[in-house]
Amino acid sequence: MKLNSSWELQEEIVGVIHEVLYRSTIEDLIFFQEIFTQLFFILTDKTDPQKVGNISEDCKKTALASVSLLVQNSSDSVREEVYADAFRPQLGHAIYITLKLIQEEKNRSLKLQAIETLLSLGQKKSFESLPKQQQDVLSTTYANFLPGILMALTRVATADEKQGHKVTALALDAWSYFVMLVMRDNFLSKHVTALGEGATVARLHKQLFGEKDQDSNKKTQLPSKDNKFMLLQPQENLSSKTINIEITSEWVDKTAERVSLLVQSLAKLVTYSHWRVRLSLVHWAQQLICNCCRSLSGGVILAVEVIVGLRSDDIVDVGTAAQDALLAVTEALEVRSQHTHSQQGLLELLEERVYALSTQLPTICRQQDGAKTLTCVRQLLGCLEVLGERLTQVLSGPSHSHRLLHALSFALTLDTTDSDLLLERTDAQDPFELLSIKPSLGKCFKHFQDVRISEALGTTCHLIGYHSNLTLVVDLCLDCLQQSTYHQKESLLMLTLILQGRDERKLREKEQQSIPQEESEQVVKNVLELIMCQEIFNAPLCVSERYNVDDNNVEDLGASLIPVNQQKNLSIDLVKSNVVLVAITLNLISACARMMGRNFDVFLSQVLCSVMEKAGEPNVLVGHTAINTLQEIAQSCGYKNVAELIEKSVPQFWYALSMKLKKLRQHPTAPLVLQVSLEYANIDVIAFIEELVEDVLTCLDTYHNEQALPLVRVLHVYVTAVVKYESKTQAICNDFNSSNISCGINNSFGKGESEVKQEGTFQHSVSHDNRGPIARFLEQYHKDQMTVKEGIEDSDIADVTEHAVDSDRENGNRPESQQDYEDGVAENVLEEDKKKVVPKYIELVVVILERCSHLLYTQDRKLKLVVLKVIKAGCSALASWEDQRLPVVHKLWKPLVLRLKDYDFVVMVLALEVLAAMVVTSGDFLRQRTLKEVFPPLLLFLRNQGHTSLGKSRRSGYYMTPAYRAQMTLLQTLPSLVTSLTLDVVQMSELVNVLMIYLKTRQPVDLCNAGIHLVKQVAHTHPHHVWLALAHQQSPIRIIPPSPNLSSVKINGACCKDLPQEVVELYHQLC
């Protein structure tokens, strides 16, 4: 080709050469040399042979592909001569240009083609089919170019990931091939005796046998006359300047040392993002160990690390390939130990790596590099997995075991800066509601955020518990726990994960021969004795200062909350740390319960009350974790649920709890146990609970200024449980009555037609609800009159019967049915007595409400809110017990009215809800009182706040004020009050006039909608009042009566133009 040929012409020529070579076989060395030289002449700069020519990328790519075809399609005789000494300078220049292209070009496809060309020059595809002698000659040839090839390929493989995963993976394959080609053991062992024995053994061998081996090595490097790779030239014409590496033990050692440095660089690719690169890295490590384990002993450990670390890769193909490679590596290392007379096999290497990784892990974690941390943890996990049962031997040494456990505890350092750790359950929430928390709460780590790292660390701890001596490991963990308080949380978390690993072993091995039961009980006993101390399990969980309150100090009302914290000036960070500490301790108890199974019953008396106390904690994380712990304990001990666990365990803690309630100052958390028992136990334990509730009432009388809030919370839970029990009982009674009614319907076929007709007429009259107030009043009056009349007739009949019986007795005559009459009277008396019997829980509810009538006068806001909730639930519980309800309602009326006038809107709104519940259950008993004392202030409040809320937008922040919420609650509660109170004309007019303030578009949307809904409900019963009020909001109109004798009426409307469309439509419907 001419020097001044254009690019287009060069591309055309190279393309033609490529097509010809694709269909040809080269058998002439001169032709091969001519084409080979011309192709690299195109690729090389014309002015500087050491640079790549400035031609198009397509031309470079086609030229490289042509070189590959030229080498592949050459005959054996030609290829033999190519790798001889005479052709080595041209081959070296070709390799140099190819490496230049690999390193400097940016085009991805061109890089790939250059690497493929380099592999073709190295005869990768046909290497396995070559005879041993030709393989050795090829290896000898490329030993001269090995350093440059490996350095260039290492730079490409460790370059930026932007170059693409295909380039990196192919560079790894090429690197491993050329290392295998030159540094394979079966090749170097022919040149170096005692390969892999070390410098000491080689020096001893030299002293014994002299320089014979070295001379033989030199002699083997000289080309023989019978060598087929020799060019047909006379020996004396060979240039004395031809490079020819002498493969000696010194050269092998230096080359292996440099290659080991490159191995360290390539081993870092385990963190590569694409899985195909990691898969190529597995094959790279396998080739390195299986073919070069004796020559490259320094890189074997790193290669084993790569394989072991990638066994737990996220991609299944990579993990499977690593597992298969591990089996092949094990066999290769066994063969190496036979040749080198070394006892260091795979397990010994892994033990060394466990110690090394245990030392490196804290340093890597401090760097906060997620990729490096994940790699290190996975390598540690892989080593432990392969070691298996030998892990007991690894942990038998005190220094190594302490190093490993300290490294794991440091890696598991928790992050307690999340503000959600201080979340508490509010009194506004249902005590029976199980709150959901975010899964990461209390499980965030300081040195990493990757979930895969935490999962790998957890699996590592599981393996330690699965394979090691449990007693020894637990003792070591407890020692770490006692040595420093800084890593208490981490030590407890590590111990929890280790015990979970033993639980997995127990599930898999049904024979349960891993550890004796007595030893397991002793382990759990030691753990519980240490963690149930005051400093760990009862760590303070509140920021505010807690202390014992003076009985005579009025300012200390409400200052004593659960739990009691004797420390002062606690920081928020310390409280967050304590929350996580207690949560991890509860998880550790769960792990102990799962490991022991049904045998955990012996520890229930030690842990059950404490766990129930934590389940009643207001802190969300601690309470949620404690509830999960109760569920784990119940499942492990063979109970169906927590309710059954508590029911079966009540006799164990009932007496102790009763004593603690009587000494509340010394045991301030005792009410929480009763609270949790009420929340999760069934009503079957009511006999035990009632006596404990009486103890709570006694404590409330004694400590009404100190511990009133937690005690009232317990009473709230008890009354709520009674409400549920009453509703359940009422549902059963309704089902029973409905079954009786169905039987009565079947029996009605035997009645007369007139009776059935009368019953149907009566039922129709009862179901008719569209009557006015006067009709309902007359109907009720008629019913009362008939009831009184029937009572008078029954009393007259009874008097006549009694008089007849007395006269018969005076005459000495005894009626025949007298015995039946007496039996009937006795049965009626027994039935009346049974009707008068009040259950014990109803009596307790009455007593509780009486206590609440006094507690409503307190100034503690939290206590007032809880007391109002107790009253609301109590009214629902006494809905079917009128004789017990009305006296209590009478006692509660006066303090409740004061709360309705409370300056705190939140208290006022809750008091209004309580009033609505009382009015619904008590009927006319509170009607006059409500209309006289409550209804006017409520209307005044709505009138004042309605004018205030006009024109308020969401940007003003008015939607967040208590006044806005109070209006919403009042407008939503008034429909039930209006229905129950039966307002007269004047009161209804006042209510409708107030509601007109909310029927304007300038009001907030929610308030306007609530007002419209209330007006529509009032319009069903009092349409005239609503129409008249709406007419005053319209334009002035004159009403002409149908009779000319009556004068017309003019209504002077306000001409309001800001009425919603729904209000206008309602007005037209009422006209």
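In this predicted model, the largest nonpolar core holds 323 residues. Tyr 142, Trp 175, Phe 178 and Phe 600 have the most contacts inside that core. Helix α25, residues 572–596, gives the core its largest share, 15 residues.

Which residues does Tyr 142 touch, once neighbours within four places in sequence are left aside? Its partners are Tyr 83, Leu 91, Ile 95, Leu 121, Gly 122, Ile 149, Phe 178, Leu 181 and Val 182. One of these, Phe 178, is also among the residues with the most contacts inside the core.

Helix α37 covers residues 882–900 and bends by about 40 degrees at Trp 893. A proline, Pro 895, follows within four residues of the bend. Both Trp 893 and Pro 895 are buried. The other buried residues of α37 are Arg 885, Leu 886, Val 888, Val 889, Leu 892, Leu 896, Val 897, Arg 899 and Leu 900; the list thus includes two arginines, Arg 885 and Arg 899. Residues three or four places apart in an α-helix point the same way, because there are 3.6 residues a turn.

The buried residues of α37 pack against four helices, listed here with their residue ranges.

| Helix packed against α37 | Residues |
|---|---|
| α35 | residues 840–855 |
| α36 | residues 861–877 |
| α38 | residues 905–922 |
| α39 | residues 927–948 |

For the protein as a whole, there are 44 helices and two strands. Of its 1071 residues, 48% count as buried. Among contacts between residues at least 6 apart in sequence, 76% join residues at least 24 apart. The accessible surface comes to about 54100 Å², and carbon and sulfur atoms account for 53% of that area.

Methods
Residues are numbered from 1 along each chain as its sequence is written. This is a predicted model: local features need pLDDT of at least 70, side-chain atom pairs count only at pLDDT 80 or more; totals for chains, interfaces and linings use all residues. Side-chain values use heavy atoms; hydrogens and water are left out. Buried means under 20% relative accessible area, exposed over 50%, partly exposed in between (1.4 Å probe, protein chains only). Contact means heavy atoms within 4.5 Å. Accessible areas come from the Shrake-Rupley method with a 1.4 Å probe; for residues, only the protein chains shown count as cover. The bend at a residue is the angle between axes fitted to the seven residues ending there and the seven starting there. A nonpolar core is a set of buried Ala, Val, Leu, Ile, Met, Phe, Trp, Tyr and Cys residues joined through side-chain atoms within 4.5 Å.
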